[in-house]
Amino acid sequence: MRLSDWLDKKEAEKVDVSQIALPTDLSYDEVPDETIFFKEINPCGFLCNENHPFSKVELFGHWYYCRGQDKKAGIHSSEMKWRLFTKDKDLALQTAKAHIE
């Protein structure tokens with residue numbers, strides 16, 4: 001089952017999908033149709049494999065999956081992770097940008 005189909009099914013069941021946690025089989029198997037936005041704050045350089053604040057918006061069918069780690073968490077933190085599912089592209093982009101600015 002595709003991620004967008006699963007979200008449509010949950011929405012039809014009257015579940016609030018905006019903050020829903022994905023089943024592991026869906027979150028690893030599907031590649032997004034498009035990455036709309038990505039920004040990372042990584043002053044360490046590309047060789048650092050620690051956590052860095054980031055925001056990402058990916059398109060899965062007609063659903064936008066926004067996720068990231070808030071800039072306020074700081075460099076190398078594992079706190080303040082966030083996610084949002086929406087069909088509204090403008091809301092997705094505004095949310096992603098607000099978390100990284």
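**Figure 1. Lys-14 and His-76, two loop residues with positive phi.** At 76% relative accessibility, Lys-14 is classed as exposed, because exposed denotes a relative accessible area over 50%, buried one under 20%, and partly exposed the range in between (1.4 Å probe, protein chains only). Lys-14 belongs to the loop between α1 and α2 (24-29); helices (H or I, at least four residues) and strands (E, at least two) are DSSP runs, numbered from the N terminus. Although Lys-14 is not a glycine, its phi is positive, at about 65 degrees. His-76, in the loop between β3 and β4, is likewise a residue other than glycine with a positive phi, near 65 degrees. The relative accessible area of His-76 is 38%, and His-76 is therefore partly exposed. The model is predicted: local features need pLDDT of at least 70, side-chain atom pairs count only at pLDDT 80 or more, and totals for chains, interfaces and linings use all residues. Residues are numbered from 1 along each chain as its sequence is written, and side-chain values use heavy atoms, with hydrogens and water left out.

**Figure 2. Aromatic pairs of the predicted model.** A pair of aromatic rings is described by the distance of the centres and the angle of the planes. Rings of Phe, Tyr and Trp (its six-membered ring) are paired if their centres lie within 6.5 Å; planes under 30 degrees apart are stacked, those over 60 edge-to-face and the rest tilted. Searching the whole structure yields three aromatic pairs. One of them joins Phe-38 and Phe-54 in a tilted arrangement, 6.4 Å centre to centre with 35 degrees between the planes. This pair links distant parts of the chain, 16 residues apart: Phe-38 is in strand β1 (residues 34-40) and Phe-54 in strand β2 (residues 54-60). Phe-38 is partly exposed, at 45% relative accessibility. Tyr-65 and Phe-85 form a stacked pair, with 4.4 Å from centre to centre and 5 degrees between the planes. Because Tyr-65 lies in strand β3 (residues 63-69) and Phe-85 in strand β4 (residues 81-86), the pair ties together parts that are 20 residues apart in sequence. Both rings belong to buried residues, with a relative accessibility of 14% for Tyr-65 and 3% for Phe-85. Ring pairs also bring Phe-60 into a cluster with Tyr-65 and Phe-85.

**Figure 3. The largest nonpolar core.** In soluble globular proteins, nonpolar side chains tend to be buried together. A nonpolar core is a set of buried Ala, Val, Leu, Ile, Met, Phe, Trp, Tyr and Cys residues joined through side-chain atoms within 4.5 Å. The largest one here has eleven residues, including Leu-3, Trp-6, Leu-26, Phe-60, Trp-63, Tyr-65 and Phe-85. Both α1 (3-12) and β3 supply at least two residues of this core, and α1 provides the largest share, three residues. Contact means heavy atoms within 4.5 Å; apart from its neighbours within four places in sequence, Leu-26 is in contact with Met-1, Arg-2, Leu-3 and Trp-6. A second, separate core comprises ten residues, among them Leu-59, Trp-82, Leu-84 and Ala-96.

**Figure 4. Surroundings of Glu-58 and Leu-59 in strand β2.** Glu-58 has a relative accessible area of 7% and is therefore buried. Not counting residues up to four places away in sequence, Glu-58 touches Pro-32, Glu-34, Thr-35, Trp-63, Tyr-64, Tyr-65 and Arg-67. Leu-59 is also buried, at 14% relative accessibility. With the same sequence neighbours left aside, Leu-59 touches Pro-32, Asp-33, Glu-34, Ile-36 and Tyr-64. The C-alpha atoms of Leu-59 and Thr-35 are separated by 6.2 Å, while the two residues are 24 apart along the chain.

**Figure 5. Cysteine residues of the model.** No disulfides, defined as pairs of cysteine sulfur atoms within 2.5 Å, are found in a search of the whole structure. The cysteine sulfur closest to that of Cys-44 belongs to Cys-48 and is 3.9 Å away, too far for a bond. Cys-44 is partly exposed, with a relative accessible area of 41%, whereas Cys-66 is buried, at 0%.
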